[in-house]
Amino acid sequence: MKVAGIVTLYYPDGDVLENIESYLSEIDQLYVIDNTPEKENKEVLPNDKRIVYLPNHQNVGVAKALNIGAKEAIKAGYSWLLTMDQDSRFKKGSVTKMINYLNKNKNRKDIGLITPWHVINTGVKKPKEKIDHPLEVMTSGNMINLEAYQKIKGFKDWYFIDAIDIEYCMNLNRHGYKIDRLNEVELKHDLGDIEVKHVLNRNFVCSNHNAFRRYFMVRNTFYLCQEYEKDFPEYCHFLKRGLRGQLQNIVLFEKDKIKKIRNMYRGYRDFKRNRKGEYPYH
């Protein structure tokens with residue numbers, strides 16, 4: 001089975017070459033979508049004929065970049081697409097294990113995506129099961145079914161960034177597709193400047209996302225819950241409760257409190273105003 005891949009660049013650092021080389025040899029084509037404004041990054045990529053470099057010369061957002069790559073893969077006749085972040089890497093042979101799992105699975109048309117276990121610094125323990133079926137997973141390291149992608153009409157461009165992965169997974173579930181997580185396959189993913197604060201026998205996970213990200217996290221979470229609350233009421237309640245926890249952690253532990261809180265308010269206000277798309281404040 002032939003598999004294509006996509007990775008989105010945005011001001012990539014020096015690790016991106018090694019990250020891409022951790023999986024490039026195991027796929028047949030890699031679409032590199034560059035969202036770095038007014039700059040091309042072709043020189044940081046491996047010199048490999050499998051790479052198709054597509055610069056946007058502007059930040060069109062993660063969702064649109066994913067859709068650009070998916071449409072190119074569909075046009076080229078691929079049925080499955082590996083979706084990667086620039087700051088993620090696999091152990092050698094991991095992608096091949098995922099492909100072998102699909103090749104052996106007679107019901108793979110019912111699978112919306114397969115995903116590895118994401119090794120991140122939040123302290124969450126890996127399940128004991130070899131395979132489980134989470135409601136949602138982050139985008140990096142997934143192998144998505146492009147037939148299912150077309151049926152659910154892809155990623156929502158107007159989300160721009162944040163909650164794109166959650167929405168996509170909920171949409172797959174709504175349409176009856178499975179999410180298979182292969183816990184023996186691991187992806188190392190850098191979630192940024194996460195800190196766990198230990199106070200009075202409690203752990204407080206601080207993501208330290210900047211004010212720009214805070215806007216989208218709030219706005220898109222409310223759009224997500226508006227769309228899927230009837231399908232997944234408990235999970236939507238969990239997401240909203242999570243926003244309150246993030247606000248608490250910003251007040252207690254994080255820097256740039258005023259900017260972040262102001263942008264969280266703007267995100268909620270723009271949800272109420274039905275404002276979508278890229279960041280409107282400069």
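Is C225 buried or exposed? The exercises below settle this point and then turn to the packing of helices.

The structure is a predicted model, in which local features need pLDDT of at least 70 and side-chain atom pairs count only at pLDDT 80 or more, while totals for chains, interfaces and linings use all residues. Residues are numbered from 1 along each chain as its sequence is written, and side-chain values use heavy atoms, with hydrogens and water left out.

**Exercise 1. Determine the burial of C225 and C236, and decide whether they form a disulfide.**

Solution.
Step 1. The term "buried" applies under 20% relative accessible area, "exposed" over 50%, and "partly exposed" in between (1.4 Å probe, protein chains only).
Step 2. C225 has a relative accessible area of 0% and is therefore buried. For C236 the value is 0%, so C236 is buried.
Step 3. A disulfide is a pair of cysteine sulfur atoms within 2.5 Å. By this rule the structure has zero disulfides.
Step 4. The cysteine sulfur nearest to that of C225 belongs to C236, 3.7 Å away, and C225 is in no disulfide. Seen from C236, the nearest cysteine sulfur is that of C225, at 3.7 Å, and C236 is likewise in no disulfide.

**Exercise 2. Describe how α6 and α7 pack against each other.**

Solution.
Step 1. Helices (H or I, at least four residues) and strands (E, at least two) are DSSP runs, numbered from the N terminus. Helix α6 covers residues 211-228 and helix α7 covers residues 233-253.
Step 2. Axes are lines fitted to C-alpha atoms, for helices over the stretch in contact, and angles run from 0 to 180 degrees between N-to-C directions. The axes of α6 and α7 come within 9 Å and cross at roughly 160°.
Step 3. Angles under 35 degrees count as roughly parallel, over 145 as roughly antiparallel, 65 to 115 as roughly perpendicular and the rest as oblique. The helices α6 and α7 are therefore roughly antiparallel to each other.
Step 4. The crossing of α6 and α7 is left-handed (the near helix is turned anticlockwise from the far one by less than a right angle; clockwise would be right-handed).
Step 5. Contact means heavy atoms within 4.5 Å. The residues in contact include V218, F222 and C225 of α6, and C236, L239 and L243 of α7.
Step 6. Ala, Val, Leu, Ile, Met, Phe, Trp, Tyr, Cys and Pro count as nonpolar, Asp, Glu, Lys and Arg as charged, and the others, Gly among them, as polar. The contact of α6 with α7 accordingly has ten nonpolar, two polar and two charged residues.

**Exercise 3. Add helix α8 to the picture.**

Solution.
Step 1. Helix α8 spans residues 257-272; its axis is 9 Å from that of α7, at an angle of about 160°. The pair α7 and α8 is therefore roughly antiparallel, and its crossing is left-handed.
Step 2. L243, L247, I250, V251, L252 and F253 of α7 make this contact with K257, K260, I261 and M264 of α8. By class, eight residues of the contact of α7 with α8 are nonpolar, none is polar and two are charged.
Step 3. Between α6 and α8 the angle is about 30° and the axes are 7 Å apart. These two helices are therefore roughly parallel, with a right-handed crossing.
Step 4. Among the residues that meet here are V218 and F222 in α6, and M264, G267 and Y268 in α8. The contact of α6 with α8 comprises nine nonpolar, three polar and six charged residues.

**Exercise 4. Place V218 and list its contacts.**

Solution.
Step 1. V218 lies in helix α6. Its relative accessibility is 5%, so V218 counts as buried.
Step 2. Leaving aside neighbours within four places in sequence, V218 is in contact with L243, M264, G267 and Y268.
Step 3. From V218 to R266 there are 48 residues in sequence, but 8.6 Å in space, C-alpha to C-alpha.

**Exercise 5. State how far α5 is covered and what flanks this helix.**

Solution.
Step 1. Helix α5 (residues 164-174) is mostly covered, with eight of its eleven residues buried. Among them are Y168, C169 and M170.
Step 2. G176, with a positive phi near 85°, follows α5.
Step 3. The loop between α4 (146-151) and α5 holds D162. D162 is not a glycine, yet its phi is positive, about 70°. Its relative accessible area is 14%, so D162 is buried.
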